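Here are some short exercises to try with the structure open beside you. Have a go at each one before reading its solution.

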Amino acid sequence: MLFRQYTDPKLAQYAYLVGCQKTGEALIIDPLRDIDQYLAAAAREGLTITAVAETHIHADFLSGAREFADRHGVHLYLSAEGDEAGWPSAWAQGGDYDVTFLRDGDTFAVGNIDVTAVHTPGHTPEHLSYVVVDRGSGAITPIGVATGDFVFVGDLGRPDLLEQAAGMHGVQEDAARTLFHSLPTFRALPDYVQVWPAHGAGSACGKALGAVPTTTVGYEKLYNASLAAADGGEDAFVEAILDGQPEPQMYFARMKRDNRDGVPLLGALPTPQALTARGLAEAAEDAKTLIVDTRLDRSAFMATHVPGALYAPMNKSFSAVVGSLMTDETTPIVLLTEAADVETAVRDLVRIGYDNVVGYATPDTLERYVEDGGPTASIPEITFEDVARRKDESGVVVVDVRYASEAASGHVPGAVNASYTRLPAYLAERIPEGKTLLVHCASGARAAAASAFLVREGYDVRYVNGAFGAYAEAHAVETGTAVSAAA
């Protein structure tokens with residue numbers, strides 16, 4: 001058996017290739033939408049991907065299952081569980097796809113590799129895990145289990161996403177109790193079995209995922225904090241698993257809908273046009289086009305940028321920033337980025353459904369645009385000492401864009417808390433109009449993106465570039481729930 005793990009560091013997502021070297025067949029589990037990467041990887045290993053399995057309907061990326069089935073006739077293995085809860089893979093039902101819908105205990109084979117589906121609901125109603133036996137090597141017991149968003153390294157998949165991200169009210173407690181009753185399924189596996197999760201550190205599908213890419217059942221039985229919370233009983237587990245979960249990104253609801261109803265087919269990657277300084281000026285004048293500025297130097301962005309630009313640095317936060325602050329996925333996008341980063345940025349965007357990438361300009365092009373007299377904008381940059389000095393001024397409001405759980409552990413007295421991941425949804429109820437906003441986070445990174453978004457929405461913003469920890473050491477802070485509605 002050949003086994004490979006593929007990692008998207010921005011989504012903190014793992015897909016798995018499980019191949020039978022004797023027959024040349026391979027299974028891909030939880031692929032992203034740009035499937036050319038897996039086809040090429042399998043070919044390098046002398047394998048052909050003949051099957052796709054999904055653990056569940058994902059909330060944080062678009063699945064490549066439909067792309068594989070439609071373009072390459074690959075056999076699909078999808079969950080038949082969850083129909084009654086409203087979460088079937090509706091797109092694959094009643095069509096011409098070569099698909100097997102699985103229930104708990106169903107098995108299938110890819111070459112000499114046996115796979116058993118295990119219903120493990122809680123994160124989602126339809127969630128399956130896949131237990132793998134390498135029969136080709138003579139094994140009769142499992143080598144590993146693809147746990148999807150059921151069990152991570154050090155954590156469990158959060159059960160509140162359907163309520164927090166998909167707008168289904170009053171379901172998170174029941175989901176947490178369902179997750180509790182799924183845990184014995186995991187505990188019953190032998191300790192030596194490898195655990196292949198769908199996410200690692202940085203994912204918003206849990207609150208404390210480990211950075212180690214794989215683990216074992218036995219190790220998680222010893223050290224998984226969320227699993228250990230179940231030792232205190234069902235009620236204690238429900239309270240613990242729901243406490244402190246981060247606010248999910250705005251785009252999660254769209255991912256749930258599209259992965260259930262049908263991900264738009266991608267085909268080839270978009271190929272944005274390289275713009276000249278004049279082309280950038282034309283894009284800047286077009287109110288329908290969004291400039292996404294990916295420069296890593298956030299102070300350089302604050303000093304000079306194209307008016308109305310969204311700031312999304314080309315680092316691990318890129319997908320989260322765009323997915324949180326750009327709510328219309330059909331908007332034409334012009335990237336401000338290095339030419340060498342264009343393909344990476346395009347892949348990042350199509351994985352979360354932003355396909356309309358029409359052009360790009362480099363930082364050198366921006367310089368020529370400025371030299372040619374193109375309109376520019378700036379956002380005043382201040383320090384936390386300025387916050388301490390100005391926070392009580394009339395007409396000034398401190399806006400803390402960290403997660404609510406972070407703000408609860410210590411925040412500037414009187415600050416409004418509005419996580420940047422939900423900022424478009426919080427505008428009306430939390431962000432006051434006609435005020436000067438001092439926008440901060442823990443380091444300045446998230447506040448930079450939030451500041452650009454708020455300025456684009458017409459607010460008067462001062463961007464706080466600094467470490468909140470240093471402020472907290474020198475000044476009084478409040479704990480508990482921060483202000484969630486602006487006066």
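**Exercise 1.** In which helix do Glu173 and Arg177 lie, and how many residues apart are they?

*Solution.* Keep in mind that this is a predicted model. Step one: find helix H4, residues 172-187, which holds both Glu173 and Arg177. Step two: count along the chain; they are four residues apart, about one turn of the helix. Step three: look at the side chains, where Glu173 and Arg177 form a salt bridge with the closest N and O atoms 2.9 Å apart.

**Exercise 2.** Which parts of the chain does the pair Asp235 and Arg177 tie together?

*Solution.* Begin with the contact: the side chains of Asp235 and Arg177 meet in a salt bridge of 2.9 Å, N to O. Next, place the partners: Asp235 is in helix H7 (residues 234-242) and Arg177 in helix H4, so the pair links parts 58 residues apart in sequence.

**Exercise 3.** Is Arg351 buried or exposed?

*Solution.* Buried means under 20% relative accessible area. Arg351 has 9%, so Arg351 counts as buried. Now check its salt-bridge partner, Asp8, at 2.6 Å, N to O. Arg351 lies in the loop between helix H12 (342-350) and strand E17 (357-361), and Asp8 in strand E1 (residues 2-8), so the pair ties together parts 343 residues apart in sequence. Asp8 has a relative accessible area of 2%, so Asp8 is buried too.

**Exercise 4.** How many helices and strands are there in the protein chain?

*Solution.* Count each kind in turn: there are 18 helices and 22 strands. Then compare sizes: the radius of gyration is 24 Å, close to the 23 Å from the globule rule for 487 residues, so the chain is as compact as a globular protein of that length.

Note on methods
Residues numbered from 1 in each chain as written. Predicted model: local features only at pLDDT ≥ 70, side-chain atom pairs only at ≥ 80, totals over all residues. Heavy atoms only, no water. Helix = DSSP H or I, 4+ residues; strand = E, 2+ residues; numbered from the N terminus. Rg over C-alpha atoms; globule rule 2.2 N^0.38 Å. Salt bridge = Lys/Arg side-chain N within 4 Å of Asp/Glu carboxyl O. Buried < 20%, exposed > 50% of the residue type's maximum accessible area, 1.4 Å probe, protein only.
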